[in-house]
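Please open the structure in your viewer and keep the sequence beside it, ready to select residues as the tour goes along.

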Amino acid sequence: MAAQALNCPNCGAAVSSDSSLCQFCKSRLKTVGCPKCLGLMFVGSKFCEHCGAIAAPVNVELEEKVGDCPRCRSPLEAMQIGETHLRGCGECDGMWMTNAVFEETCADAEKRSAVLGYFRERLSHALPPTKISYVPCPDCGELMNRNNFAKASGVIVDVCKQHGVWFDADELPAIVEFVQKGGMEIARQRQLNEIKDERERLRADRHDPFAATIHDSTSPDVALNIRSFVKTLFG
C-alpha cells in the first residue's frame, strides 16, 4: 500500500504513514485503520483525517507483572483499544485476552469494530509460527489447549480455560472478521444439524437395550449464540 501523508498525533507535524518515528517530536508511531472508512491513521489520533470519525483510543503502556509472551518470551504490554483491555507482544504481534474480555468483544459489534480497526492496515512484520507447538498460559504457566474457534472458523487459538486466550499474529482480526461476516450463523446451523443427526440416531436406536444409557446433552433450549460458542472454549 502506498504511503500517505498523515499528521503526528502528538505534535501535528506532517509524517509519512510508513514512518515509525516522528522526525520532529521523536514520538513512536504505529499505523491503524479507521473502523469506519478503513483509511490509515496513527494510533493516538482523536479523529480520522479522511472521514472525521472519532477514533477509538488506543493506549499502550509497559507495566510490571503483566506476563511474558508465550510464543517468544518477550515482555507483554498492557493495551487498551477503545474499551477493550488486552495484552500485546511488541515482538511477534501476539495478543492475550482474558476469557471475559474475549467473550464481550465477540458479542459487542462496537468493540469488534474498534479491534478490527486497530489491526486493519497495521504495519506488521511479524512472521507466523514456523511449526505447531503448545504454548504456556502467561498467567499460570500451564500448557494451553488448541481449539478451532466455533468449530468452523479455521482459526486455531490457544486457550487456558481458567485465564484466557492467546492469539498469534493475525488470528484475532481473523476471528473478528469471521464474526462480522456471519460466521457464527454458519457455526450455529452446523450445531443444529449435529443435534438433528444425533436425535435421529437415538430414535433409530430406541429399541436398543443400550440406548437407555445414552443421554442427549444437546437440548434445543441451549442458547445457540455468540456467547455460547465462545464459552465452549472454556467449558
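What volume does the second largest cavity have? The second largest cavity has a volume of about 50 Å³, where a cavity is a set of points, on a 1 Å grid over the protein atoms alone, at which a 1.4 Å probe fits but cannot get out, and the volume is the space filled by probe spheres set on those points. The model is predicted, so to speak of local features requires pLDDT of at least 70, side-chain atom pairs count only at pLDDT 80 or more, and totals for chains, interfaces and linings use all residues. Residues are numbered from 1 along each chain as its sequence is written, and side-chain values use heavy atoms, with hydrogens and water left out.

Select next Lys30, Cys89, Gly90, Asp93 and Tyr118, which, of the 10 residues lining the second largest cavity (an atom within 4 Å of a point), are the closest to its centre. By class, this lining has 4 nonpolar, 2 polar and 4 charged residues, with Asp, Glu, Lys and Arg counted as charged.

Now stay on aspartate 93, which is found in the loop between strand 7 (84-89) and strand 8 (95-98), strands being DSSP runs of E with at least two residues. Aspartate 93 is buried, with a relative accessible area of 9%, where buried means under 20% and exposed over 50% (1.4 Å probe, protein chains only). Aspartate 93 has a positive phi of about 65° although it is not a glycine.

Finally, select lysine 26, in the loop between strand 2 (14-16) and strand 3 (31-33). Lysine 26 also has a positive phi of about 65°, but this residue is exposed, with a relative accessible area of 54%.

Terms used: Helix = DSSP H or I, 4+ residues; strand = E, 2+ residues; numbered from the N terminus. 1 Å grid on protein atoms, 1.4 Å probe; cavity = no way out; pocket = protein on both sides within 12 Å on 5 of 7 lines; lining within 4 Å.
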